[in-house]
Amino acid sequence: MSASDGYVVGTTKVVDHGPDSARWNLVILGDGYRASELPQYHADVQNFLVTLRTTPPLDEAFCGINVHRVDVVSTDSGADDPGCAGGTPTTANTYFDATFCTDFAGTPLDRLLTVNTALALSVASAQVPLRHQVLCIVNSSKYGGSGGTIATCSTNALASQIAIHEIGHSAFGLADEYGGNGVGTPAGEPSQPNVTRDTNRATNKWRTLIADTTPMPSQCDPGCTASTCIPPATLPAAGAVGTYEGAIYSDCNTYRPLPSCYMRDYAPFCPVCAGVIRQTLQPFLPAESINLITPSIDFRDVPAGMGGVGITTHRAIVWEVVVCRSLTFEIIAGPTGGFDTPDGTSITVTSDPILPVTQARIWLAYTSTNPGDSASGDVTVRCAETDQTWTINILANTIARPRAAVALVLDRSGSMDDDAGDAVTKVQKLREAANAFISIMQPGDGIGLVRFNEAAQRLMEIQDVGAAPGGAGRTTAIGHISGSDIDPAGATSIGDGVVKGKQMLDDAQAAAAPPYDVTAMVVLTDGMWNRPPPLADISGSITANTYAVGFGLPSNISVPALTTLCQGHNGYLLITGALSTDQPMRLGKYFLQILAGVSNAQIAADPRGVLGRNSEHRIPFWTCEADYGMDLIVLSPAPQAIDCQLEAPDGSLITPTSGPGGANSEFVMSQYASYYRCALPVLPAQAAGTHAGLWHAVLKPLRALPEGVAPRAVLPYEVVAHVYSSLTFSAYATQTSFEIGAIIRLTASLREYEAPLRGHADVWAEIMRPGGVTDVIALSLDSGGQFVAAYQLQIPGVFSFRVRARGETMRGLLFERERTLTGVATPGGDNWDPNHPKGSDLCDLLHCLRERGVISDELTQRFKEMGVDLPTLLKCLGERCRSRAGDG
Amino acid sequence: MSNIDQPDQAKRPDVRQSPKTLRLTFRVADGTVQLISHERLQMICPPSIGELPQARKHGGFWMELRDKSDHVIFHRLIHSPLAGSVEVHSPDGRIRREFGDVKESIFEVLLPDKPDAASVTLMGESLDVTKVSALQAGSAELARFDIPRGERGSTQ
Ligand SMILES: [Zn+2]
Ligand SMILES: [Zn+2]
């Protein structure tokens with residue numbers, strides 16, 4: 001029994017209203033919780049705290065209270081229940097030895113739930129020396145509790161009332177206000193402040209609360225025949241404090257202040273008891289203070305929007321407030337200068353339920369106009385209760401949309417000729433993905449190309465992509481990608497590629513006027529870096545945001561080095577794994593996601609499907625009021641064969657011919673992608689119906705195909721909705737080990753108008769494990785406002801994490817966001833040796849033969865003459881090597 | 001700016017002293033009360049509530065902190081120090097108190113750690129709870145202890 005039946009885990013200050021030395025400290029212990037039940041204990045403590053802080057007058061004194069939760073693990077769940085009132089006796093080995101049916105003076109009392117008081121006090125003192133009150137919550141749903149030196153209650157929904165009544169005795173010295181037969185009633189005037197024998201209004205101890213019109217005594221107990229109480233001629237007013245017969249265990253000649261009180265029947269504390277509680281806690285209340293944190297508000301460098309539609313940004317005027325009462329801050333003048341107040345012009349705050357300081361916020365909004373414009377104004381706010389006023393200056397300016405320069409650093413080593421997994425070569429997949437990427441880039445952004453095998457070359461210097469479609473930079477870049485410049489041959493030197501990419505971006509920045517706002521490097525490789533320089537040597541000098549796509553199986557790719565490269569530079573690594581026939585455009589989607597990151601777009605939806613000959617697919621996606629632009633992209637091997645229209649929330653149809661002019665939309669067709677680029681609202685005349693709400697992309701096969709487009713029985717597609725928004729989502733994966741069993745940590749955050757999201761949101765990750773098994777985990781909000789989760793990579797291979805968020809904006813509209821991340825585990829993953837990639841000697845030989853270009857047409861012909869089908873032999877060997885790599 | 005906020009005041013730590021509190025632990029057994037341990041704590045002591053009860057006139061229990069001249073400088077009401085009763089809460093919302101003879105119990109008292117305090121006195125009606133009733137005579141001094149020295153101590 002007792003302390004041997006468990007252990008103390010530790011203490012968390014769940015309500016922190018200041019230093020323990022200056023506050024009233026409540027210590028909560030738990031008994032009868034097994035280790036696995038601690039989350040339930042935490043929830044039970046929270047439930048109790050809700051009751052505590054909403055019980056007047058503790059609500060207004062809560063700012064003076066700290067609460068310390070001591071986690072204690074018991075061997076068994078629950079409490080002893082000897083069954084003294086019937087029922088089966090049960091025992092539970094718990095740390096504080098909680099039991100119902102506590103024996104009192106020889107009689108077991110069913111609802112009397114007690115714990116080992118001396119042990120509880122000792123644990124409480126060891127954990128929280130400056131304790132004022134100890135409460136033990138016992139993990140049983142049976143109603144019960146007790147008082148005394150410490151209060152005890154079960155987790156029954158009503159048992160928290162027991163605890164508060166008992167704290168009324170032990171912490172505030174209050175007497176019971178119920179009557180009885182007189183056993184236990186003191187002979188003289190009770191010393192307690194809330195019960196009396198004195199009905200004289202001139203001498204009664206709570207006389208200051210008794211109105212002249214209230215009769216004294218105010219009410220006699222009709223069941224009491226031996227009383228000296230003379231019933232009043234008129235009844236007291238309802239709720240009038242007076243002297244009501246029956247208190248402190250006697251129905252006769254003892255009086256309480258009101259008919260009902262927490263100390264009698266759990267009704268709200270009567271004014272006398274409430275006054276005692278206030279007076280007791282008064283020395284613990286913090287001094288009130290109000291501190292303006294934002295003497296001025298600066299909407300600096302807000303980008304211009306799209307299609308003449310500005311971008312709205314919100315910033316808050318913030319006060320740090322230490323307060324016990326509620327305070328109202330209200331705008332009494334302004335804001336001048338054209339600024340808005342999107343959340344209203346006043347805010348009322350009270351003490352924070354768990355923190356010492358409350359923040360009061362009044363929001364201001366600025367909508368960008370034209371690049372170079374600026375605005376200024378001020379706003380005056382008053383605190384109604386203190387009559388303090390503050391005048392806050394407001395500044396704002398609009399800048400041009402940030403321009404990005406992107407260097408694509410592309411692997412052209414011999415192995416890029418391998419099958420990507422769905423009978424198409426890797427290099428062809430790369431051509432399609434890079435083509436779509438370049439086609440969708442925004443006018444004004446720069447593109448440059450680097451290719452690498454055993455050495456790297458700058459294929460194309462950074463150049464403005466120009467108009468879409470047909471801009472000069474875009475056309476040149478697509479020409480390089482489509483032509484022989486990236487035909488596979490040779491070995492792999494990722495390091496040299498990264499060096500050349502970095503130099504190219506540096507040179508472009510030096511030459512550009514004005515310089516680009518963002519530089520980004522996107523590295524695509526399917527291999528180990530097996531030629532110097534090592535990535536670690538060059539990583540430190542890179543300033544561009546760096547993304548990498550590992551194209552293929554993790555066992556063939558320098559995962560740790562690429563992860564370090566990206567994680568240190570504001571980007572991330574994605575590993576495709578083998579592409580499957582049901583997801584042939586995964587590489588293209590990864591490229592689009594990176595493009596979204598580079599151009600600060602949010603991914604609102606990305607479903608995929610296959611269009612049949614007579615099918616029509618309606619693909620839903622949501623936009624919200626914080627969104628100011630969107631790209632609705634269709635990736636396909638043949639986008640020219642797909643009719644794509646947009647259906648706005650009000651039913652309006654946006655077609656390729658709608659804009660520009662009539663609509664804030666532009667439709668662009670390219671070889672592997674088509675897209676609508678829109679500003680929101682798309683139809684200014686129907687602003688409400690073509691901005692926020694449920695949109696549909698409507699896809700159909702084109703009946704009349706353009707010239708040169710071959711008809712297809714089925715059309716696979718991927719639809720991706722990029723929105724440009726003031727509601728932003730970011731998600732990152734952090735992985736420090738790559739061994740099997742490694743932990744990957746997912747971190748996501750949501751911001752609305754550059755402030756933390758004010759509405760509710762759920763964030764979760766849909767996990768695709770190697771082998772296709774799926775899993776879902778929720779990300780939980782941490783104290784820093786980020787959504788976090790950890791996941792163990794228990795089997796070898798590539799794990800993809802589709803991190804999704806769904807919630808409500810401050811205006812109550814639905815939004816969705818997502819980002820895909822990948823994680824990798826392989827045996828020996830932390831000892832990746834670039835010069836000795838895992839695999840058999842035969843596979844190494846095959847790789848080498850291909851890289852060195854040994855297998856010429858002539859050789860193939862010679863073997864054929866000898867009766868050996870070399871291409872098939874190599875294909876078989878290639879498949880064998882891939883499957884080995886896949887096995888880890 | 002007509003900003004009349006006073007950040008200095010807000011940043012200033014709580015100006016009130018954190019006076020020391022003396023936590024005394026008593027054991028009641030076989031009709032006698034013993035001081036079994038004490039601790040001096042850097043925390044605020046809850047204040048006295050109400051007027052000082054008077055022996056014989058007032059019922060119930062309280063602790064008196066007295067100076068060298070035997071003047072009461074602080075008092076603390078004690079609800080049921082002797083564990084001679086327990087309170088039973090029923091699911092139907094009724095509360096009742098059971099009284100009975102209990103051999104031993106422990107209780108704690110928080111008192112201000114005043115430099116001029118010399119003794120602490122337990123006042124009340126009787127240490128034999130079965131004798132406490134409206135028919136009995138009033139309260140009197142039940143036990144007296146010197147204020148213990150040192151940061152903490154225990155007689156056990
Ligand atoms: Zn009670
Ligand atoms: Zn009351």
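The following paragraphs lead from the overall make-up of chain A to its zinc site, a helix pair and one strand residue. The model is predicted, and the values given here are computed from it.

Chain A has 888 residues, of which 56% count as buried. Its secondary structure comprises 15 helices and 43 strands. Among contacts between residues at least 6 apart in sequence, 70% join residues at least 24 apart.

The zinc ion (ligand 1) draws its donors from both chain A and chain B. From chain A come H165(A) and H169(A), each through NE2, together with D176(A) through OD. Chain B supplies E87(B), which is listed twice through OE. The coordinating distances run from 1.8 to 2.2 Å. The two histidines share an element of secondary structure: H165(A) and H169(A) both belong to helix 4 of chain A, which spans residues 159–170. They are four residues apart, about one turn of that helix. H165(A) has a relative accessible area of 0% and is therefore buried. The value for H169(A) is 4%, so this residue is buried as well, the cut-off being under 20%.

Helix 4 of chain A also takes part in a helix pair. Helix 1 of chain A, residues 38–53, packs with helix 4 of chain A at an angle of about 55°, and the two axes are 10 Å apart. Because of this angle, helix 1 of chain A is oblique to helix 4 of chain A. The crossing of the two helices is right-handed. On the side of helix 1 of chain A, the contact is made by F48(A), T51(A) and L52(A), which meet S160(A), A163(A) and I164(A) in helix 4 of chain A. The residues of this contact comprise four nonpolar and two polar, with no charged residue.

Elsewhere in chain A, L635(A) offers a view of a residue in a strand. L635(A) lies in strand 29 of chain A, residues 627–635. With a relative accessible area of 4%, L635(A) is buried. What surrounds it? Leaving aside residues up to four places away in sequence, L635(A) touches A436(A), M585(A), G588(A), K589(A), L592(A), Y672(A), A673(A), P716(A), Y717(A) and E718(A). A separation between C-alpha atoms can also be given for L635(A) and A433(A): these residues are 202 apart along the chain, and their C-alpha atoms are separated by 9.0 Å.

Note on methods:
Residues numbered from 1 in each chain as written. Chains lettered and ligands numbered in written order. Predicted model: local features only at pLDDT ≥ 70, side-chain atom pairs only at ≥ 80, totals over all residues. Heavy atoms only, no water. Donors = N, O, S within 2.8 Å, 3.2 Å for Na, K, Ca; no water. Buried < 20%, exposed > 50% of the residue type's maximum accessible area, 1.4 Å probe, protein only. Contact = heavy atoms within 4.5 Å. Axes fitted to C-alpha atoms, helices over the stretch in contact; angles between N-to-C directions. Parallel < 35°, antiparallel > 145°, perpendicular 65-115°, else oblique. Left-handed = near helix turned anticlockwise from the far one by under 90°. Nonpolar A, V, L, I, M, F, W, Y, C, P; charged D, E, K, R; others polar.
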